[in-house]
There are 2 protein chains.
Amino acid sequence: MSSNELANRRIVLAARPQGRPTPDDFRLEQTRLPTLADGELLLRTLYLSLDPYMRNLMDEAGTSYASAIPIGQPIVGGTVSRVVVSKHPQFRAGDLVLGNAGWQEHAVSDGKELSPLGDMPQPSLALGALGMPAFTAYVGLLDIGQPKQGETVVVAGATGAVGAMVGQIARIKGARVVGIAGGADKCRHAVETLGFDACIDRHDPLLAARLADACPKGIDVYFENVGGEVFDAVLPLLNLHARVPVCGFIAHYNDHAPTAGPDRLPRVTSAILMKRIRMQGFIILDHYADRFEAFRRDMATWIADGRVKAIEHVVDGLESAPEAFIGLLEGQNVGKLVVRVAQD
Amino acid sequence: MSSNELANRRIVLAARPQGRPTPDDFRLEQTRLPTLADGELLLRTLYLSLDPYMRNLMDEAGTSYASAIPIGQPIVGGTVSRVVVSKHPQFRAGDLVLGNAGWQEHAVSDGKELSPLGDMPQPSLALGALGMPAFTAYVGLLDIGQPKQGETVVVAGATGAVGAMVGQIARIKGARVVGIAGGADKCRHAVETLGFDACIDRHDPLLAARLADACPKGIDVYFENVGGEVFDAVLPLLNLHARVPVCGFIAHYNDHAPTAGPDRLPRVTSAILMKRIRMQGFIILDHYADRFEAFRRDMATWIADGRVKAIEHVVDGLESAPEAFIGLLEGQNVGKLVVRVAQD
């Protein structure tokens, strides 16, 4: 089979979402792949990662770290792929690789930005517990949050790909860990499966009071990955010298217009001053060169020891990706959301 | 003269200010001082420091670092005093001391928290260029802001006690320094006297555009001491990995009710994330033990070398303090505002 005969199914950005994405913003289409040139390889996608940052790249402005997805082009995304044909000296047919092939069943690659995965027994973990989301948790929590033994760490999205890892790593470091998650089932999962000390339902009308009860000694580290009302509940509980690593704001990713008042900024900046808070944003792409090896070594050990549980939420088929992604932004998954695009 | 015969004039908090303080919130009164006990000393105030933080202590809530001033009690404040009578083994009549005697002409002290000033030739500098405000600039700029050679530093209140020092220290460290100040006269002072590279009038309706013009390479350090509209103009100009030491918010000190919308917080937190910004509050009281000696050594050298100019705004007489303080919150002073309470 030569690559120029190969039909490829892919999902492109049909329209820029206005606020929350809808199925009409995506289009499944069939194309043909170009002939492989020397130095290129043909990849078959096994697993596609779905992550909140993709929503930012659907807006025309893009982000500081990546430009917007052009209309009509495939949605970007991390992938685990099998090499089908290789005209590249460093890869052979059959190799398992981590890359960014995006929302499509096949891709042609020049080999740059591909990482060999060897014979990894559960390769989807390269997109989750041994990949970007857990690495985000590791760097944000340990390098910026710096929790000490006996301190209290709070994280929202407690059962999501990042939050679940923040909580589990914080427990390993001896912190008291309080999660926030959407609904009683998720909260039970956070406590019973992931080992959080407590977990509060973010839909609870008494969220602020429940969080205060669960944090009798205040909050030393708040890993910010959701924004919105959770942050309002956290703010008055932050201790002197609290650290707030800022990783994302799912609550605002679908914001279209400026948010109505009152203006919450003065209250936040006043707390930053009075409580000597350090609030620091980070983008995980900046940290691979320095920290990824340490992360992979630590995390592999923790998973092997059973100290970290790597929970996945797997959906089948490329065509399931839009609906699963829309659900991700609404918190419908438990664990790392991946699409199994093809059976290996 | 024994201390129990001594009449004392002092200014007490008559009422908690609702928003901006008015003269009616203060009351000048005459009292008698108690007899000195063993271990106590009688102080005569020479200079009283007026600083924005005092406004926070007039609110019922107080702050995280000091409790509210009780109604009917003297306003707190840093002072340079002469020891009149001493029953304390470590001080003698005639000693010059730095302390916190507050808004009054005399005070009885137990000697704690008094620092001897020796024969300092211009003792009011202990309240400004060699004291708390300049130390605030030093710690915030150098320890949190960490400006590098060739980076751009922006500070508002550029001609005030803290801002003037931030700019001058940043110049010494090789940064480009852009000030923001209220009015053309102050801006000229910042550039011509203090050596800022540029200074923008904060009343200029084109503030944001002027600031952008003055910062062609963006902003690496924004020393936050005013809040409000200045921060809105600064935010889009912040560079990747910018640092924002947070020292105070004069623009909000008189805020009474929650500020109207739109809610500026999502835009700020999104910038913190996308630009990997570090925003960190600090209260200068935390840093005396570790950093004051280094500050005093550096600053004395810089003043002696003429690299730092110590500008003061002196008003005469305790009775002038309320009006001068109200003016301070509206930016009417140039340089460190001190009240000369008594001729030495």
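Trainee: In which sense do strand β3 and strand β4 of chain A pair, parallel or antiparallel?
Mentor: Keep in mind that we're looking at a predicted model. Strand β3(A) covers residues 41–49 and β4(A) covers residues 79–86, and seven bridges link the two. One spot to look at is Thr45(A), with Ser81(A) of β4(A) standing opposite. The sense of the β3(A)–β4(A) pairing is antiparallel.

Trainee: And which residue in β5(A) is the bridge partner of Thr79(A)?
Mentor: Start with the strands: β4(A) is joined by four bridges to β5(A), residues 96–99, and they run antiparallel. Now find Thr79(A) and look across to β5(A): the bridge partner there is Gly99(A).

Trainee: Let's switch to helices. How do α2(A) and α9(A) lie, roughly parallel or roughly perpendicular?
Mentor: Find α2(A) at residues 132–145 and α9(A) at residues 288–304. Their axes come within 10 Å and cross at roughly 105°. An angle from 65 to 115 degrees counts as roughly perpendicular, so α2(A) relative to α9(A) is roughly perpendicular.

Trainee: How many nonpolar residues does the contact of α2(A) with α9(A) have?
Mentor: From α2(A) come Ala134(A), Phe135(A), Tyr138(A) and Val139(A), and they meet Arg291(A), Phe292(A), Phe295(A) and Met299(A) in α9(A). Sorted by class, there's one charged residue and no polar ones, and the nonpolar count is seven.

Trainee: What kind of axis relates the two copies?
Mentor: Take chain B and turn it by 180°, with 0.0 Å of shift along the axis: that superposes it on chain A with an RMSD of 0.0 Å. The copies are therefore related as by a two-fold rotation axis.

Trainee: Which residue of chain B has the C-alpha nearest the axis?
Mentor: Follow the axis with chain B in view. At 1.6 Å from the axis you'll find the nearest C-alpha of that chain, and it belongs to Gly261(B).

Trainee: Which element gives the most to the side of chain B that touches chain A?
Mentor: Each chain brings 34 residues to the contact. On the chain B side, the elements giving two or more residues are β12 (238–246), α8 (265–274) and β13 (278–281). With eight residues, the one that gives the most is α8(B).

Trainee: Last one: in β13(B), which residue is the bridge partner of Met279(A)?
Mentor: The copies meet through the same surface, because 100% of the interface residues of chain B are also interface residues in chain A. Across that contact, β13(A) and β13(B) run antiparallel and are joined by three bridges. The partner of Met279(A) is Met279(B).

Conventions. Residues numbered from 1 in each chain as written. Chains lettered and ligands numbered in written order. Predicted model: local features only at pLDDT ≥ 70, side-chain atom pairs only at ≥ 80, totals over all residues. Least-squares fit on C-alpha atoms with pLDDT ≥ 70 in both. Contact = placed C-beta atoms within 7 Å. Pairing = 2+ DSSP bridges. Axes fitted to C-alpha atoms, helices over the stretch in contact; angles between N-to-C directions. Parallel < 35°, antiparallel > 145°, perpendicular 65-115°, else oblique. Nonpolar A, V, L, I, M, F, W, Y, C, P; charged D, E, K, R; others polar.
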